[in-house]
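Colleague: I would like to learn how to read a model like this one. Could you walk me through it?

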Amino acid sequence: MSKLGSHISAIQSGFKHLYKRRMTLRYPESKLEILSGYRYPLAGYKGRHVLSMEKCTGCSICELTCRNIARAIKMVRVEGASPRNKKSIFPQIDYGYCVFCGFCVDACVFSALTMTPEYELAAYDKQQLIYEPKMLAASPPASGSARFVVTKSAAYHKKPKRTPEINQA
Amino acid sequence: MLGLTEPLSNLLQILVFPGLGFALTFVLFMVWYERKLLAKVQVRVGPLYAGRFEGILQPIADFVKLLFKEIIVPKQADRFLFMLAPTFMMALSVSILALIPLSPSNVIADSNVAILVIIAVLSLSPLAIVVAAWASNNKYSLIGGLRALHQTTSYAIPLSLSVLGVVLMSGSFSLMSIVESQRNAWFIMLQPLGAIVFFLAALAELERVPFDIPEAETEVVMGWETEYSGINYGIIMTAAYVKFYALAVLFTELFLGGWLGPEPVPPALWTIIKTFFVITLMMIPRGVYPRLRIDQMLRLGWTRLLPLSLVNIIISLVAVSFMA
């Protein structure tokens, strides 16, 4: 009789899962909300860099820091008057080399370099991975808004109605 | 019906409603439904992108894909039998449909010995499988084919014996009169044993989980279907699903009162609704159970289901003699 009971409970568990919420994240359509606070309370993220052309003075400390790690940063000239940056040189980052250690962000005295939650950096070409200062200055696209929720009975991705703007430090 | 001449309306019935066209459409739906249901049981999402609603056109996409794939015939295979076997299988499955009415007005052929013929056709299917297995000239095919032979022949006996109880109670081999004799009580209430035996034997006959020993992919690749590719494989799958549909309708009509139901819903729809329920019940084990071993399967068939179906016959004999 206990055998029959175990069969019934097996079938029952099958039926029980029919109406459970899926925890699958339908990736290209909805993206995960990226939570900050891994290493940087200020910036909070470890994705692509964003460069503030107003704050950058062209001191090259980020390049010096990167030289011992990934050699991803190279200072390049950008035409146009910039009052703080007399030499008018700005970091250019090659994401083919970058290891996202964030030391350049640590080293930046003027908080000109910060990191964003943008992680979809795949490209068809090596050249496309080299981000020039102008490209780095562009603000990243809005991050995903699906939030992972764990309840007593199920775990699922909850999608808030309003997509919040990402905070840039 | 419909004011058409007799042969034309017969042809319509064979090709469109209770017959082939409806069955194949239903089979397409069943494939989607099974994938979706199993996905739900296993906390997945299942087909999603083909079609507007939850990937409902996925089976059609798969079918088109199979149509475009190359049909590969192994060098050592018996080419004629190899190509013949899927057609043979499809013919066997479809011929069951002719004898299963969906409602009193949707009948292709009502015979006095309908159930006997259906059982006879069902017991021919191991032959088709063995032909396919042998013609493939592949060790996995052959092993799978012999497993299928063991399984289908040993489960055909409890299957037919469990039907016998119903036949004794209704006093007829014709499905029409069997359904009509369930007006007072469905046979699942009168002989639950027979219903359980029929259900399990049908699962085994269809080679569905937990009885999918012939096509156990962890052991014998894909069993007797190993060498089939392209549309040949598609035909084999369709034949299996048509058989699945036919046996589900048969279960509905033998034990669940067929088209009997409250009035506003048309009788054919009642059959389909009940069939849908039976199909769901037959699919759920696939998401829940592991595969039986071959000796467990045989032991279940010969030492549990066979005595149970005999007990069921005795009970129904006693009941019939008391009623008489």
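Modeller: We will take the chain contact, one helix and its packing, a loop residue, the cores and then the other chain.

Modeller: This is a predicted model, where local features need pLDDT of at least 70, side-chain atom pairs count only at pLDDT 80 or more, and totals for chains, interfaces and linings use all residues. Residues are numbered from 1 along each chain as its sequence is written, while chains are lettered from A and ligands numbered from 1 in the order in which they are written.

Colleague: How many residues does each chain bring to the contact?

Modeller: Two residues are in contact if their C-beta atoms, placed from the backbone, lie within 7 Å. Here chain A brings 10 residues and chain B brings 9 residues. On the chain B side, helix H2 (20-41) and helix H13 (267-288) each supply at least two residues, and H13(B) gives the most, with 3 residues. Helices (H or I, at least four residues) and strands (E, at least two) are DSSP runs, numbered from the N terminus. By class, that side of chain B has 6 nonpolar, 1 polar and 2 charged residues; Ala, Val, Leu, Ile, Met, Phe, Trp, Tyr, Cys and Pro count as nonpolar, Asp, Glu, Lys and Arg as charged, and the others, Gly among them, as polar.

Colleague: Which residues of H2(B) are buried?

Modeller: A residue is buried if 20 or more other C-beta atoms lie within 10 Å of its own, exposed if 12 or fewer, and partly exposed in between. In H2(B), the buried residues include Ala23(B), Phe26(B), Val27(B), Met30(B) and Trp32(B), and also Glu34(B) and Lys36(B). Their cover includes helix H1 (2-16) of chain A as well as H3, helix H4 (79-97), H12 and H13 of chain B.

Colleague: At what angle do H2(B) and H3(B) cross?

Modeller: Two packed helices are described by the angle between their axes and the distance between the axes. The axes of H2(B) and helix H3 (residues 58-68) of chain B come within 8 Å and cross at roughly 110°. Axes are lines fitted to C-alpha atoms, for helices over the stretch in contact, and angles run from 0 to 180 degrees between N-to-C directions. The two helices are therefore roughly perpendicular to each other, a label for angles of 65 to 115 degrees (under 35 is roughly parallel, over 145 roughly antiparallel, the rest oblique). H2(B) contributes Leu28(B), Val31(B), Trp32(B) and Arg35(B) to this contact, and H3(B) contributes Gln58(B), Pro59(B) and Ile60(B).

Colleague: Where does Val45(B) lie, and what does Val45(B) touch?

Modeller: Val45(B) lies in the loop between H2 and H3 of chain B. With 14 C-beta neighbours inside 10 Å, Val45(B) counts as partly exposed. Not counting residues up to four places away in sequence, Val45(B) touches Arg22(A), Thr24(A) and Ala39(B).

Colleague: Which residues touch the most other members of the largest nonpolar core?

Modeller: In soluble globular proteins, nonpolar side chains tend to be buried together. A nonpolar core is a set of buried Ala, Val, Leu, Ile, Met, Phe, Trp, Tyr and Cys residues joined through C-beta atoms within 7 Å. The largest core has 81 residues, and Phe198(B), Tyr245(B) and Phe251(B) touch the most other members. Helix H12 (residues 230-255) of chain B gives the most to this core, with 15 residues. Leaving aside neighbours within four places in sequence, Tyr245(B) is in contact with Ala23(B), Phe26(B), Val27(B) and Met30(B).

Colleague: How many helices and strands are in chain A?

Modeller: Chain A has 4 helices and 7 strands, and 20% of its 169 residues count as buried.
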